[in-house]
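Trainee: Please take one part of this model and go through it closely. I would like to follow the charged pairs, and then see how they sit beside the other cross-links.

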Amino acid sequence: MTAYFIIDRILVPGILLFTAIRGIASLYAPSSQWPLLLGSVLGTVVVLLILLRSQRPKSVRIGWRSSIGILLSFAAPCFLRFHAAPQDLATAFLTTSASLFYFAFAIASYLTIGRSLGVVPAQKDLVVAGPYSVVRHPIYAAFILATLTLLLAFWSALNAAAFAALSLGLFLRIQDEEDLLAADPAYRDYSVRVPSRALTIPLIIPILPLLAIRLYGHLPMRPAPQRHLVVQTAFPILSLDPLKYDDWASVFVGNHIYPRLFPETDREWIPSVAQDAKFKCLDQDRLLLHPCRKERLILKFREFTTCQGNILRRSEIKDEMLKILRAKSWIIPRFHVCLEPEADLCLEYAGIRDITKRLQNVYFRFGASSQDFSKNTVGVAPYCFQIKQRTPDAILTGTLIHLQAPALPSMEIITSDDMNSDFNIALFGGPQLLKGSRENIDLITPLAYYVVSNPRLSPRRLPWNTRDVAAVIRSHLERYDLIHEKDNLITRWMPRGDALSEFPLPKMTDGTSVELALPDYLPDCLGLAKKLNRAGSGIAPICTNTSALIIERAHGYDKHSKPWYGFLTPLSPGAPGRTSVFDQYFSPDSSETWLAGAKTPSDHFYRVGIGKSPVTVDKNIICNIRGNPMGYSDLVASDFIYCE
């Protein structure tokens with residue numbers, strides 16, 4: 001009985017209390033998924049309160065099986081690692097649904113057993129109602145199936161070993177409990193009616209869909225991976241420096257020859273430089289669930305050997321990251337470097353809720369500083385890029401050769417817009433590539449068109465901020481196949497803007513026309529200008545280089561005498577990454593914003609539509625390319641293999 005009180009009343013409650021405190025503390029991490037963490041904290045607290053109020057047992061048995069079982073079942077979950085949410089929506093949805101079911105089933109079991117709950121095998125009042133009418137050990141069954149659910153979503157050797165240890169520990173505890181309770185006639189009658197196995201039919205139903213899609217992804221009938229791909233780019237590779245490249249060909253090559261900052265959960269073969277990353281909230285008086293006002297990011301890097309035989313050292317990775325953060329100041333506005341023992345880089349900044357998303361964007365590719373780009377072989381990992389043809393300003397052709405991932409294909413890069421050339425993937429290919437005998441599909445690349453207004457014109461009603469004018473612009477873009485009506489995943493991440501609201505505002509001017517800049521490369525740009533003239537009195541449309549206008553007048557409008565009023569522009573969300581599009585271009589906190597100083601940025605722009613894809617892919621190679629919230633500029637080789 002002494003061992004019972006030590007384990008049930010001191011040791012296990014202490015572990016549960018520690019778990020609850022750690023869960024509450026993890027809510028302070030900027031990258032935490034606090035609804036799930038809060039649920040686990042509440043579950044732990046419920047179990048702790050029930051256990052502390054449990055009744056005194058009639059008899060106790062502590063043997064070697066239960067001792068080892070208790071040790072394994074409490075220690076094994078500490079080794080489970082779930083670094084990030086599953087990438088595909090089906091796995092994420094089914095994992096969440098099954099986990100919530102087993103969590104609810106476990107809580108119902110705890111509430112049903114009530115004061116009869118115990119950790120050490122003991123004889124107390126028999127409970128046969130609720131979940132205990134489905135299976136004799138519902139709590140153990142819920143733990144096993146919930147852990148199996150997470151194992152299917154986050155498969156790794158470590159998680160598999162932890163699951164095996166947990167299952168063994170619970171099995172040993174069940175054996176000792178059954179041996180002790182078998183002496184009770186009431187329990188013998190109960191055991192005849194109710195099964196003891198965890199895999200009872202009603203309980204395994206929630207996990208079956210997840211099990212099916214995970215098994216389907218590993219069926220042996222999948223064809224062998226393509227060993228060689230030909231990638232056709234309509235334009236040459238302009239830069240292999242992640243700080244500079246902004247064209248599709250350069251980004252595609254950069255995605256394959258440089259390590260990322262953080263690991264990719266569904267692309268384990270892609271190396272990452274962040275060996276360890278920790279977020280710490282520095283607020284001393286922060287209340288639970290309140291956003292963190294000041295954070296610290298602590299990074300430790302790993303070194304790599306480049307394709308040129310040089311060492312990419314941690315100091316070089318640090319310098320590269322600081323250059324990127326200073327050049328793209330919207331990522332972490334107004335950060336400063338801090339001192340942290342044994343850390344390669346420490347940053348402090350004002351609290352940012354989506355900090356992990358910002359740090360996963362396409363700019364964070366490392367290794368350019370250790371490259372000699374005059375040589376014909378460059379790269380770090382997982383590919384080396386062998387340059388074959390180049391001009392003084394660009395790379396025309398080359399081959400991507402994998403280093404340590406034999407399942408990955410090699411890729412030949414050619415610069416051509418010839419519809420007769422033989423290729424597997426076309427980046428920025430023209431419409432002629434879809435004609436003739438080639439049966440290509442047109443992928444949807446998220447290219448959003450926006451109408452942006454100068455915030456200094458607020459709160460006036462601008463002539464292009466009406467639904468009639470927006471419809472004219474959209475109709476013109478649809479006519480020339482520049483945008484499409486089909487909804488896709490990216491629309492959830494792109495800001496819409498509220499400039500088309502119906503609130504009455506004073507007119508911009510009294511009869512004076514206001515300049516609206518249109519991209520001069522639009523098909524029939526002058527025709528669109530005439531339509532806008534007729535549609536909205538007060539609009540003075542001009543066809544011009546809007547990129548130059550943004551740089552010269554929008555980004556620095558307070559330094560120039562010539563003002564800007566509004567412009568139509570396309571914007572790819574691939575570079576900024578997800579919701580950070582808003583922070584980069586439409587936030588007062590960004591040094592690169594078009595709307596610096598605006599109190600309500602969303603009042604000064606609206607989204608016309610999502611652009612038609614400039615990417616064509618042979619349907620025999622690509623069968624199920626997944627939607628990527630960061631945009632298809634993040635395409636990598638694993639998207640092109642194992643097709644059905």
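Mentor: Start with E348, which is buried in this predicted model. Its relative accessible area is 6%. Two basic side chains reach it. The first is K294, which forms a salt bridge with E348 at 3.7 Å between the closest N and O atoms. A salt bridge here needs that gap to be within 4 Å, so the 3.7 Å contact of K294 and E348 counts. K294 belongs to strand β5 (residues 294–301) and E348 to strand β9 (residues 345–350), so this pair ties together parts that are 54 residues apart in sequence. K294 is partly exposed, with a relative accessible area of 37%.

The second partner is R296. R296 and E348 form a salt bridge whose closest N and O atoms are 2.2 Å apart. R296 also lies in strand β5, and E348 in strand β9, so the pair ties together parts that are 52 residues apart in sequence. R296 counts as buried at 16% relative accessibility. Shared partners then extend the picture: K294, R296, E340 and E348 are joined into one network of salt bridges.

Now another charged pair. E178 and R136 meet through their side chains in a salt bridge, N to O 3.1 Å. E178 is in helix α6 (residues 157–181), while R136 is in the loop between β2 (122–123) and α5 (138–153), so the pair ties together parts that are 42 residues apart in sequence. E178 counts as buried, at 15% relative accessibility. R136 is buried too, with a relative accessible area of 11%. As a general point, side chains of opposite charge can pair when their charged atoms come close. The search of the whole structure finds six salt bridges.

Next, the covalent links. The search of the whole structure finds four disulfides. One of them joins C281 to C292, with an S to S distance of 2.1 Å. The torsion about its S-S bond is about 105°, so the disulfide of C281 and C292 is right-handed. C281 lies in strand β4 (residues 274–281) and C292 in the loop between β4 and β5, so the pair ties together parts that are eleven residues apart in sequence. That loop leads to the strand that holds K294. Both cysteines are buried: C281 has a relative accessible area of 18%, and C292 has 10%.

Move on to C307 and C384. Their sulfur atoms are 1.9 Å apart in a disulfide. The S-S torsion is about -95°, so this disulfide is left-handed. The pair links distant parts of the chain, 77 residues apart: C307 is in the loop between β6 (304–305) and β7 (311–312), and C384 is in strand β11 (residues 383–390). C384 counts as buried at 11% relative accessibility.

A further disulfide joins C525 to C543, S to S 2.1 Å. With -105° about the S-S bond, the link of C525 and C543 is left-handed. C525 sits in helix α14 (residues 525–535) and C543 in strand β19 (residues 539–544), 18 residues apart. C525 is buried, with a relative accessible area of 5%. C543 is partly exposed, at 27%. Number the bonded cysteines in sequence order, and the pairing reads 1-2, 3-6, 4-5, 7-8.

For a helix, look at α3 (residues 64–75). It has twelve residues and reaches 16 Å from its first C-alpha to its last, close to the 16 Å expected. Its buried residues are S66, G69, I70 and S73. They cover an arc of only 100° around the axis, which puts them on the same side of α3. The face turned away from that buried side carries the exposed residues W64 and L71.

Last, the setting. The protein chain has 16 helices and 22 strands. Of its 644 residues, 51% count as buried. Among contacts between residues at least 6 apart in sequence, 73% join residues at least 24 apart. The accessible surface comes to about 30700 Å², and 58% of it belongs to carbon and sulfur atoms.

How values were computed: Residues numbered from 1 in each chain as written. Predicted model: local features only at pLDDT ≥ 70, side-chain atom pairs only at ≥ 80, totals over all residues. Heavy atoms only, no water. Helix = DSSP H or I, 4+ residues; strand = E, 2+ residues; numbered from the N terminus. Buried < 20%, exposed > 50% of the residue type's maximum accessible area, 1.4 Å probe, protein only. Expected span 1.5 Å × (residues − 1). Arc of directions from axis to C-beta. Contact = heavy atoms within 4.5 Å. Areas by Shrake-Rupley, 256 points an atom, 1.4 Å probe, with all protein chains shown as cover. Disulfide = S-S within 2.5 Å.
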